[in-house]
Protein chains: 2
Amino acid sequence: MTDGAVAGVDLPRLRELNSLTIVRALRDHPPSTVTELSQRTGLSRPAVDLIAQNLVADGWATVIEAGTSSAVGRPARRYQFRSTAGYVLGVDVGVHKVLALVADLNGEVLHSHRAAVAADADPQARLAALDEAIEECLTATKKKPADVWAVTIGVTGPVDSSGRTSLFTPLPGWDQVDLPAHLAGRFSCPIIVENDCKLAALAERWKGAASDASDVIYVLAGMRIGAGLILDGVLRRGYGGAAGEIGALKQVRWLAAPSHLENCPGVPASVSPDDAAAWVFEAARHGDRAAKTAVSRYVKDLAVGAAALVLALDPQVVIYGGGFSRSADLVLAPLTAELQRLCLRVPEVRASTLGADSVALGAIRLALNELDNRLFSTTLSSPAAPTVR
Amino acid sequence: MTDGAVAGVDLPRLRELNSLTIVRALRDHPPSTVTELSQRTGLSRPAVDLIAQNLVADGWATVIEAGTSSAVGRPARRYQFRSTAGYVLGVDVGVHKVLALVADLNGEVLHSHRAAVAADADPQARLAALDEAIEECLTATKKKPADVWAVTIGVTGPVDSSGRTSLFTPLPGWDQVDLPAHLAGRFSCPIIVENDCKLAALAERWKGAASDASDVIYVLAGMRIGAGLILDGVLRRGYGGAAGEIGALKQVRWLAAPSHLENCPGVPASVSPDDAAAWVFEAARHGDRAAKTAVSRYVKDLAVGAAALVLALDPQVVIYGGGFSRSADLVLAPLTAELQRLCLRVPEVRASTLGADSVALGAIRLALNELDNRLFSTTLSSPAAPTVR
DNA sequence: GGCGAATATGAAGAAGTGTTGACAAACTTC
DNA sequence: GAAGTTTGTCAACACTTCTTCATATTCGCC
């Protein structure tokens, strides 16, 4: 409840704080004039001017000299956040693929690469695919590892404080993999490993279906069901990183739910087990009776866990995402109805708008958040020391 | 994700920030010398000296002139947070009683008063008891309503943003009661209504069994079971104030759980229904077979909901509190065992140390938190305008 | 094409805040 | 009583921001 050491602010620190303020005011905005920044921050024009010049000297901002302007009066010089000062990597290590993204400090994705992996691939093979995907992203964008300021990797299963998925993982042999150690040799920046559902939740809140909400439950629906929680605008990991793992409770039927789709009668033998669910959804869409029943049962089971989360946390929005979100048209209405039956106060239910990229995008967002905390909370300084979480 | 308007810091604001820093450094510490404050805040001695004198002039601190000192050197003047500058009221409106507490700005409880109420009393009677309890606390401590800077009232059931328990309440007619309106005439300070479980959780984290933890699930166990959630050190209300209401899910057997105790065979007819649970616990403690079974079943049902919360949020500690916490000796071990069976990562399970006062104490804490936010976040100013939450 | 209005830039002076260093005051210890 | 130590106070200094004014550049209008 107490801070213990509360730090006073002296003059140099004041300048630092205001520099941070200007950087924040520069980000997430189009190139701005000194006057605009002055209005945005409440600081006087000369103060902003001085700070902006220093930011340019330190590489945090670039100048756009006055061009032709449409307004009356002398055209203003504009300052712009130098989003190319550093880059971040976001990677989604899935069962069938590894997807890597490079983005600049604005979160603009510059390049992506997808490497296919066999579901039963051993850790070595999967790590090789990871290395390949990262390597391809770097060479395609002509970046060196030193240009990367943070890396986030999304994996399935709860991630502990050492970056391992020791409690549970569907990837064979993966519980022994130490991802930060694997990458530490190549990158000297922060390397973060995080649960895929949590990352997807971040992505939806960033530029997806939940961008207007601060209390979000993201349900990742696929052959495995998981959840990510955002409360008061912040991703909640839980004390041991296992928040959202409601599926482990037997009374909540998340473990069994996908079997309704897998074992649905009428699925042709030619359809592989991996594609069975998609087939069932498609069949249900065309009125197949057995398929409709299977979907209905699936939704009923899904709803129990979602209701438990909703009742526990009372969110504003529930996002239905993951591989099955393509079938949101079949699921959203009955899911909402079930929640209405089970919950006290029913949140909005929406379909994911980011689809398959959400995990990697969320990884980008988490990497940027980490940088924010490191660079902007204390002082403006370039890439931080390597750390693991 | 963005702040929108990020405020720059000018010189007067700098002084304000440092004044706040000094006030914070003064609170939660014994009377301090300027040198101590200087070390604690990193500010220079003259700066602290000046600020401290201003704080005294504004009524936020008092001076203790140098007495005889045991150390070498000139004895130092000491400054002390003036905790008697204002007071807060915390009230617990329960089924059988209304308990009111007055505390100073340090959270030191000065007086408490308990007014008995019949379980089936109508809102008028209950409000009269509330008024009586508050009145008694004020007269006993010789305070006027104007001395009260914040009031918090704890009630059963989820509290919406208008301070009403419209979704559910066990108190007859209480869903129509507008507590802020009822008190607004007498107090011009912030009046907050909050769910009792949430307040009890706050109390346990403040000075109870969870004072070392930042991620806490508090389970209030009585004839009605509820929960309060503290995540990252902050009480979470949920978007609509209904966080923690996992008991509403049928698969979670919290609604039915107490019936095992109520309907336990062997309870003498002389024991009133209200005391049945206590009798069963006592009988179980002495080896009564039926009572032990009842307790065991109760714990099993309780554990399902607790497990759902634990899996959803992955807390560090679960606090077992409420009326039944006196029987923690019988419950803690089997509850822990059940959680071990049901959960992925098992948190510590502890018994409440505050007992029956926890709700009113939590109300005090929430009132103080509200004051903190109002007075200390923006600027140092005396009692704020009346508001409702 | 010239003029005025509007906006941006730049520089100087003023005000406010924190820091450093010095010194007297007050107390303990030898 | 002298030395040593800590405190309270003061003045000089450094730094940051604010205010104000003069200057520069551009557009629109005559």
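**Two DNA strands and a two-fold protein pair**

Around DNA strand C sit 29 residues, with G73(A), R74(A), R77(A), S44(B) and R74(B) the closest; a residue counts as near a strand if its C-beta atom, placed from the backbone, lies within 6 Å of it. This is a predicted model, in which local features need pLDDT of at least 70 and side-chain atom pairs count only at pLDDT 80 or more, while totals for chains, interfaces and linings use all residues. Residues are numbered from 1 along each chain as its sequence is written, and chains are lettered from A and ligands numbered from 1 in the order in which they are written.

Helix 2 (34-41) and helix 3 (45-57) of chain A, plus helix 1 (11-26) and helix 3 (45-57) of chain B, each put at least two residues into the surface near strand C. Helices here are DSSP runs (H or I, at least four residues), as are strands (E, at least two), numbered from the N terminus. Helix 1 of chain B has the largest share, five residues. By class, this surface holds 15 nonpolar, eight polar and six charged residues, taking Ala, Val, Leu, Ile, Met, Phe, Trp, Tyr, Cys and Pro as nonpolar, Asp, Glu, Lys and Arg as charged, and the others, Gly among them, as polar.

Over at DNA strand D, 30 residues gather, and S44(A), R74(A), G73(B), R74(B) and R77(B) come nearest. Here helix 1 of chain A gives the most, again five residues. The split is 15 nonpolar, eight polar and seven charged.

How are the two chains related? A rotation of 180° with 0.1 Å of shift along its axis lays chain A on chain B, with an RMSD of 0.1 Å, after least-squares superposition on the C-alpha atoms of residues with pLDDT of at least 70 in both. The copies are thus related as by a two-fold rotation axis. The same surface serves both: 98% of the contact residues of chain A recur in chain B, contact meaning C-beta atoms, placed from the backbone, within 7 Å.

Back in helix 1 of chain B, the buried residues are N18(B), S19(B), T21(B), I22(B), V23(B), A25(B) and L26(B). Buried means 20 or more other C-beta atoms within 10 Å of a residue's own, exposed 12 or fewer, and partly exposed in between, with C-beta atoms placed from the backbone. Two of these buried residues, T21(B) and A25(B), are in contact with V6(A), as are R24(B) and T41(B). V6(A) itself lies in the segment before helix 1 of chain A and is partly exposed because it has 17 C-beta neighbours inside 10 Å.

Notes
Two residues are in contact if their C-beta atoms, placed from the backbone, lie within 7 Å. Lists of a residue's contacts leave out its neighbours within four places in sequence.
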